[in-house]
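Hi,

Here is the structure I promised to pass on. Have a look at it first, and my notes follow underneath.

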Amino acid sequence: MRQEELIALLREKDEQGMRALLAEYGPLMRYVAAPILPDGRDAEECVSEAAMRVWNGIERYDPARGGWVAWVTAVTRNTALNLARKAGRSGADALPEDAPAPGPSPEESVMQSERQAALRRAVAALPEAEQVLFYRKYYYRQSTAQIARETGLTERAVEGRLYRLRMRLRDSLGGERDG
Amino acid sequence: MDKRLWNAPGDAEFDRLLAASLPDPPPDEVARAVTPWRRVMEQLVWGLALTGITLQVGGLQYWLPALGTLLCLLAFRTLRRENPWLRAGWMVSAVRTGAVWGILILNAFLWRQTPAGQAVMAVLTGVSLLTQLGQLVCLWQGLDQVRRAAGRAQGTGAGWLVVWYAGLYALALVRYNGLLIPLAMIGAYLLILYRLYRLSREMETTGYGLHPAPSRLSDRMLMVLLALVLVLGLAAGYGFGGRIPMDWQPAAPSADPQAAVVRQELAAMGFPETVLADLTDDEVLACRGARRVVVSERDLPLTDFGIQGRQGALRSTGVAVELPGEREQWKLFQHFQWMEPAPWWGTECIQLWPVYDLLPEGWAEAEPVTGRLLCEQNGQTMTAPYAYLGEQSYTATSMFWGEEQRRDVFASFSLPRRAENRRGYLTYTVQEVSDGWIVDSWVNYVHQTSAFQYPVCSALEARQTGNTGLNSAFALVQDALQFYPNDDPAVPFGEE
């Protein structure tokens, strides 16, 4: 089924749309949830819940603001993070389980917005391969082993690339570091 | 921008800041690129495209399919944990890569032209073709399983590749020479590849369900290793496998006093002493009682044949000795001597057109063609028999006559890289069949001018396939001994 047909069915609240969503995008949703929720049952629960969120929130999907695949992955990732937070665990490698804390102060909100804007510019300036690596690591929270398997690299090579990526971002974002 | 926003004493702290500051969901292209499926399918489609359609230009017919084989290997390597068919595809791909690499490396060795080499090449080619089909069957079934697991009704189209290749092999078996079917097949192949490409895009989201296999060796390292094996194999071929093994031995000095007398008689009749000194006592004694000697000598620089920039010059000497007897008989010598050394010594070949082949109405073979090679090494005269000397049948292709079956006398050999005064000769005897015919004996000398040729072939093979000239690694020079024996004195044509 074509993507536009699927979106149209979901907008019409046609159950065929929901079935098609799970058939066509279920693997993607599982793929996104798995690094955050290593337990298969949690991941399945996440996929069901994320599919319901897509079903209920389809009106909020605006093609002008981003692609369909990116939107579905964003919904799934946020659902997985919420479930992980609720369960008090996360499968991500050395990454915080804490998303932005609820109810930040006005000053923190301003700083957060500035950081996001700076990071958006810094990431946009990266070559495509490094952008993909950045999102794998920090957005999809994939482990080094998973990135290595899927990119045909060794784990050591992935670690090296992540190190260089981090250095590059530090250089472009500024800030002080130890040493 | 306030740089203090990113103050982070350590990497963990910086990672935490990055994760907490993620701006937006990734762009759609990035989201689509984060899948094990896309890279693998791109490798497969490119791999199949490069192995299926070859461009007969500048060696691309060898290197592009090699790259395609490598891409297919990498793709199956990633997919090998997915299902049994794809695992089998990985194993078949590994065998196919070995066979293709073997063929590519053996192409740099002259040994492949020997009977043993031809047998090995036939086995490797057979394995390569069979594994290519096997690979496609595995791909077809493997993708079908992925498709069914994803609940998709539409087929992958990979099965048509099997049919396509089977059709291609059938056309090769019947030696189809037409243009229409191959053109249709190229179109069909591109359609199949396009279908696979479309499928890979359609299945991108399904492909997230794939489980790429972990590996200790990265794809890049595997490619580097295989490239290294290829380069070393080719270097070994060009370094050690591009010459014909020869049996050089010190030449025995002339010891027969009768032969010495005949040598003096022949020299007195005008037989060039440099050529005479190279003949064996038996060959000299065969000329005892000679009635006449006719000599034709020409210098043949390689540049004379429109081949600019090629160094080296040969002196070709044709000598005809009329032998005593009731029937007119001539012993002919075709001698060559390198006067100006060539920059590269690979393989050489002499193709002889004997007078009894050119003018069978006038002359018949009395004694077969023999001969030998000579050179000087460290002040010692060395001699060797030709590596091959005899008649060979082959299919010659000519601009004027098209394809024709020919049978000619060939001598195949290599000359030493470190030696001086490299030379050799062929000799044979003819007797008159009917009076009034000229003597007309031709030599075609083929010299390898460069190591850079692929697949490596000998001068003999180059001559038989017409692979000599400006854009080839082989240069051809020609000379003929021609005279009318009824003239007295008989003078070679062009020297009257």
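To start with a small puzzle: leaving aside its neighbours within four places in sequence, which residues is B:Gln377 in contact with? They are B:Met382, B:Pro416 and B:Ala419, where contact means that the C-beta atoms, placed from the backbone, lie within 7 Å.

A word on conventions before the rest. This is a predicted model, in which local features need pLDDT of at least 70 and side-chain atom pairs count only at pLDDT 80 or more, while totals for chains, interfaces and linings use all residues. Residues are numbered from 1 along each chain as its sequence is written, and chains are lettered from A and ligands numbered from 1 in the order in which they are written.

Back to B:Gln377, which belongs to strand S6 (residues 363–377) of chain B; strands are DSSP runs of E with at least two residues, helices are runs of H or I with at least four, and both are numbered from the N terminus. B:Gln377 has 14 other C-beta atoms within 10 Å, so it is partly exposed (buried takes 20 or more, exposed 12 or fewer, and partly exposed is in between, with C-beta atoms placed from the backbone). Its C-alpha atom is separated by 60 Å from that of B:Gly187, 190 residues apart along the chain.

Chain B as a whole has 14 helices and twelve strands. Its radius of gyration is 33 Å, well over the 23 Å that the globule rule gives for 496 residues, so chain B is more spread out than a compact globule. That radius is taken over C-alpha atoms, and the rule is 2.2 Å times the number of residues to the power 0.38. Along the principal axes, the C-alpha atoms of chain B fill a box of roughly 105 × 55 × 40 Å. Of the 496 residues in chain B, 38% are buried.

You may also like the sheet in chain B: an open one of five strands, in the order S8-S9-S5-S11-S12, with antiparallel pairing (two strands pair if DSSP finds at least two bridges between them). Strands S8 (388–398) and S12 (474–483) of chain B stand at the edges with a single partner strand each, so one side of each has no neighbour in the sheet. Further in, five bridges join the antiparallel strands S5 (residues 348–353) and S9 (residues 402–413) of chain B, and B:Cys349 stands opposite B:Ser412 in S9(B).

Best wishes

Key. Two residues are in contact if their C-beta atoms, placed from the backbone, lie within 7 Å.
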